[in-house]
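Subject: Structure handover

Hello,

Here is the structure I said I would pass on. My notes on it follow below.

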Amino acid sequence: MPVSFLTPEQRSRYGVFNAVPDIAQLGAFFHLDADDRRRAMAANGARNQLGWSVQLGTARFLNCFLDDPEDVPAAVVDYVAEQLGLQAADLKGYGSKEARWDHQEQIRTGYGYTAFEGEQWFALACWLYKRAWTTGERPIVLFDLATHRLVEAKILLPGVTTLERLIAALRERVAARQYALLAAAPSPNQAVVLEKLVKVEAGRRVSRLDRLRKSPTDVSGTGLVKALDRHVELRDLGAAGWDLSAVPPGKIAALARFAHAARAQAVAELAGSRKLATLVAFAATMAPQSADDAIEVFDLAVGDLLRTSAHRAGKERMRTLKDLDTAAIVLREVWLKIRSVAEIPDGDIRAALDEMDLPAIHAAADVIGDIAREPDEDFQKELLDRYATVRRFLPKLLKHLDFDAGAAEVAGQGVRRGHEVLQALDFLKAIERRRTDIDPREVPADLLTSAWHRRVFPKRGEHAGTFNKSAYTVAAVERLRESLRRHEVFVPGLRKWATPQPDC
């Protein structure tokens, strides 16, 4: 870690006048009250009197004394000299006189200033160490904060090199402590696995680190399976069993960002415990992040299924609209004929039906039965056609992600939504390998809409009274996505898809 972090310009601006004080600053820092003038006039001669007063104003303005007390703007000398009834030229030669040291001691003791010595050094070092440990502030920020703290405490500023080296040394100690704590978290076997992340395995072109830190880009069922495989691989590094509570989260996140952005070779070349600590931070951060990424792919993939199914349903509706109209006209003519016969007292409806084209009427009724949809249906049929895609990723999704819905009831709000989705997911896991018939009465149906209910539990046709597992699976996936987006269902420990925060 470099000792020098200040630029030459920053060093040159420390503890000196960088500009001529304006009138407000002159009045605030260089004004001499009666007590100030009395103390100044106690000095021997006009030069010492003016020099004493200029050093007092300098200490107030810069919180330090200059190596050469004469190295002040002319406006300052004129302002102070006028208050004492002296000439600015009286200051000449003061910077080479021994009296200036005595004057500095008088100002320190008389105005409550403290030299930066052992006790002050230790107190500042402790404060800076705590600050550097709990925050990720850059060294220049710590330098500015330390300067401000010294000014507030009326502790005279040390030399720029002294303060710079103190901050650099403390940050180095903080880093060493951080690396040691993180490197001690994994077991020896886990440490070996972590260090192999930066190596390129035989038959591959990139390291495991390069593969694992690459976010998924394939928004599909296959892409979701790959995203879940990535999550499992990261989770199996063992980060869930590590106690990293002693290290501030910001420190872990900073190391993880470095591991995520740097070349694998650069991570492999890190010295000492820093390499293992960096890989520990990467594993601890990326395990929950990979779960977030997998759910993100799930959300996008299912969203695509919904959109494409709605589009197909719309196209199918437009394609069959003419057939539906034709069939509706045929049945309307039939009804008008029956109604006209029924209005005749002795009308024979049976004879009227015999005169009609019954095969055409049956065909029209069949067309309407095939094409017409219930008012509450939209694209359930087309979405059910994508069951194979859902089936490709759902078992792995339910196996490796622990969905939750919080407390079943919330005071003042009643039963909390989301638990019906968890019941459906648990039921699907329970019947994953079941080969016997499923009694519809044992199926949790609270999550089903009326449209899905008719498909899951058909009442007509050859499957009437049975349970349609495919329809139930697709309905549960659609509802899971909706509940995740509403944070009714979540995965504890994640960031985006985590436990919802209570309203303040």
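A search of the whole structure turned up zero disulfides. Please keep in mind that this is a predicted model. Two of the cysteines can be placed by accessibility: Cys64 has 6% relative accessibility and therefore counts as buried, being under 20%. Cys126, at 31% relative accessibility, counts as partly exposed.

Nonpolar cores

The largest nonpolar core has 53 residues, and the members that touch the most others are Phe298, Phe393, Phe403, Phe467, Tyr472 and Leu480. At least two residues of this core come from each of these helices: H12 (221-235), H15 (274-342), H18 (380-384), H19 (387-400), H20 (419-430), H21 (450-456) and H22 (469-485). H15 contributes the most, with nine residues. A second core, separate from this one, has 49 residues, including Leu62, Leu128, Leu156 and Leu166.

Phe467 and its surroundings

Leaving aside residues up to four places away in sequence, Phe467 touches Phe427, Ile431, Ile438, Pro440, Val443, Val456, Phe457 and Tyr472. Phe467 counts as buried, with 13% relative accessibility, and Phe427 is also buried, at 9%.

Aromatic pairs and charges over rings

The structure has twelve aromatic pairs. One of them joins Phe427 and Phe467 in an edge-to-face arrangement, with 6.1 Å centre to centre and 80° between the planes. The two partners are 40 residues apart and link distant parts of the chain, Phe427 lying in helix H20 and Phe467 in the loop between H21 and H22. Elsewhere, ring pairs connect Phe17, Phe29, Phe30 and Phe61 into a cluster.

Two cases of a charged end over a ring are also worth listing. Arg274 has its charged end over the ring of Phe258, 5.6 Å from the ring centre. Lys154 does likewise over the ring of Tyr113, where the distance to the centre is 4.6 Å.

Positive phi

Lys154 comes up again here: its phi is positive, near 60°, although the residue is not a glycine. Lys154 lies in the loop between helix H8 (139-152) and helix H9 (160-183), and its relative accessible area of 31% makes it partly exposed. Asn63, another residue that is not a glycine, has a positive phi of about 60°. Asn63 belongs to the loop between helix H4 (45-62) and helix H5 (74-84). Is Asn63 buried or exposed? With 4% relative accessibility, Asn63 counts as buried.

Helix H22

H22 has 17 residues, which should span 24 Å at 1.5 Å a residue; the end C-alpha atoms are 24 Å apart, so the two values agree. Twelve of the 17 residues are buried, which means that H22 is largely enclosed by the rest of the structure. The buried residues of H22 are Ala471, Tyr472, Thr473, Val474, Ala475, Ala476, Val477, Arg479, Leu480, Arg481, Ser483 and Leu484. Tyr472 and Leu480 are also among the residues that touch the most other members of the largest nonpolar core. What covers the buried residues of H22 includes H15, H18, H19, H20 and H21. Each of those five covering helices also supplies at least two residues of the largest core.

Regards

How values were computed: Residues are numbered from 1 along each chain as its sequence is written. This is a predicted model: local features need pLDDT of at least 70, side-chain atom pairs count only at pLDDT 80 or more; totals for chains, interfaces and linings use all residues. Side-chain values use heavy atoms; hydrogens and water are left out. A disulfide is a pair of cysteine sulfur atoms within 2.5 Å. Buried means under 20% relative accessible area, exposed over 50%, partly exposed in between (1.4 Å probe, protein chains only). A nonpolar core is a set of buried Ala, Val, Leu, Ile, Met, Phe, Trp, Tyr and Cys residues joined through side-chain atoms within 4.5 Å. Helices (H or I, at least four residues) and strands (E, at least two) are DSSP runs, numbered from the N terminus. Contact means heavy atoms within 4.5 Å. Rings of Phe, Tyr and Trp (its six-membered ring) pair if their centres lie within 6.5 Å; planes under 30 degrees apart count as stacked, over 60 as edge-to-face and the rest as tilted. A charge sits over a ring if NZ of Lys or CZ of Arg is within 6 Å of the ring centre and within 35 degrees of the ring normal. The expected span of a helix is 1.5 Å times one less than its number of residues.
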